[in-house]
Amino acid sequence: MTAMEKCVIQGHNKRSNTNEALRRSPRKKVKLEEDERMKNKGEDEEEDEDAALGEFSHPVPWQKIEAEGLDCDYALLFSKKEADHLFKQLEEEVVYATGEESKVKVFGKLYNIPRKQATYGDAGLTYTYSGVTCLACPWTSTLEYIRDAVTNTTGQTFNFVLVNRYKDGQDHMGEHRDDEKELDPICPIASVSLGAARDFIFRHRDARGKQSCRQIEPVKLELAHGSLLLMNPPTNTFWYHSLPVRRKVLSPRINLTFRRVLLHSKK
């Protein structure tokens with residue numbers, strides 16, 4: 001049995017199944033009554049469903065991905081046509097970092113990163129990762145549109161986004177955790193993928209390297225064009241994630257990770 005098979009994967013591909021879409025959504029306050037009780041409600045059933053849809057304005061069929069200390073939700077948020085359009089708009093709008101902000105610090109030394117990065121968000125927000133502090137640029141219209149789509153789907157609000165552009169499968173990201181202190185610990189990280197599908201690998205912190213103390217299988221996903229991966233707490237406490245090199249991938253990918261930065265980090 002593969003690592004993915006060991007995870008609890010749920011979900012269907014039919015958007016018409018509203019009850020299932022709502023049940024599988026990560027928005028915890030959207031709840032439907034049990035089937036037996038719903039059958040007896042007659043017209044009240046339709047009213048209850050309308051109320052649920054009012055709370056959850058953009059229902060999508062979610063897949064639940066779980067392992068020890070790992071809790072994620074995955075869905076296709078945008079159709080291919082809309083995802084193609086958003087990718088094109090981002091290619092025109094996003095201005096990627098140069099100089100020190102385009103590097104990472106490892107053991108006190110700065111190195112070029114194997115991809116392009118940009119940071120956008122609410123006015124005055126800063127975010128420090130990999131030893132480099134970045135000031136958020138003002139939201140572009142396309143980033144605002146995607147952010148609002150994520151909020152409408154998840155019920156979570158975000159004030160910051162890290163944009164990574166991978167020109168092809170040679171560009172990559174090493175294992176890390178998004179566990180910086182300025183992130184709201186109760187807010188999930190929402191990862192939107194546009195462009196080439198890429199493998200995304202989770203590895204438990206106790207199963208990394210030669211000194212690993214446990215044997216825990218990694219969890220491997222393929223993040224599709226137009227998809228949304230919601231990494232819920234406590235995932236980033238126990239699991240590292242990476243986007244490894246894939247030499248057969250020849251086309252670009254843009255990834256947006258929406259976050260909630262605590263306001264005390266605002267300068």
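Two strands count as paired if DSSP finds at least two bridges between them. Keep that in mind while working through this predicted model.

**Exercise 1. Work out how strand β14 sits among its neighbours.**

Step 1: start with the partners. Strand β9 (residues 173–176) pairs with β14 in the antiparallel sense, over two bridges. Strand β11 (residues 198–204) also runs antiparallel to β14, with four bridges.

Step 2: pick out a residue in β14. H241 is the bridge partner of H176, and H241 is the bridge partner of F202 as well.

Step 3: check burial. W239, H241 and L243 on one side are buried, as are Y240 and S242 on the other, so both faces of β14 are covered. That is five of the five residues of β14 (residues 239–243), so the strand is largely enclosed by the rest of the structure.

**Exercise 2. Describe how helices α5 and α6 meet.**

Step 1: get the geometry. The axes of α5 (residues 80–93) and α6 (residues 141–154) come within 9 Å and cross at roughly 140 degrees.

Step 2: classify the angle. Over 145 degrees would count as roughly antiparallel, but here α5 is oblique to α6.

Step 3: list who touches whom. On α5 you'll find E82, L86, Q89, L90 and E93; on α6, S141, T142, L143, Y145 and I146.

Step 4: sort these residues by character. The contact has five nonpolar, three polar and two charged residues.

**Exercise 3. Take three of the salt bridges and say how exposed their partners are.**

Step 1: know the total. The structure holds 15 salt bridges.

Step 2: look at D73 and K64. Their closest N and O atoms are 3.0 Å apart. Buried means under 20% relative accessible area, so D73 qualifies at 0% and K64 does too, at 13%.

Step 3: move on to R214 and E68, whose closest N and O atoms are 2.9 Å apart. R214 lies in the loop between β11 and β12, and E68 in the loop between β1 and β2, so this pair ties together parts that are 146 residues apart in sequence. R214 is partly exposed at 32%, and so is E68 at 45%.

Step 4: finish with D178 and R259, which meet at 3.7 Å, N to O. D178 is in the loop between β9 and β10 while R259 is in strand β15, so the pair links parts 81 residues apart in sequence. Both partners, D178 and R259, are buried.

Step 5: look for shared partners. Salt bridges with partners in common join K64, D71 and D73 into one network.

Definitions and conventions: Residues numbered from 1 in each chain as written. Predicted model: local features only at pLDDT ≥ 70, side-chain atom pairs only at ≥ 80, totals over all residues. Heavy atoms only, no water. Axes fitted to C-alpha atoms, helices over the stretch in contact; angles between N-to-C directions. Parallel < 35°, antiparallel > 145°, perpendicular 65-115°, else oblique. Contact = heavy atoms within 4.5 Å. Nonpolar A, V, L, I, M, F, W, Y, C, P; charged D, E, K, R; others polar. Buried < 20%, exposed > 50% of the residue type's maximum accessible area, 1.4 Å probe, protein only. Salt bridge = Lys/Arg side-chain N within 4 Å of Asp/Glu carboxyl O.
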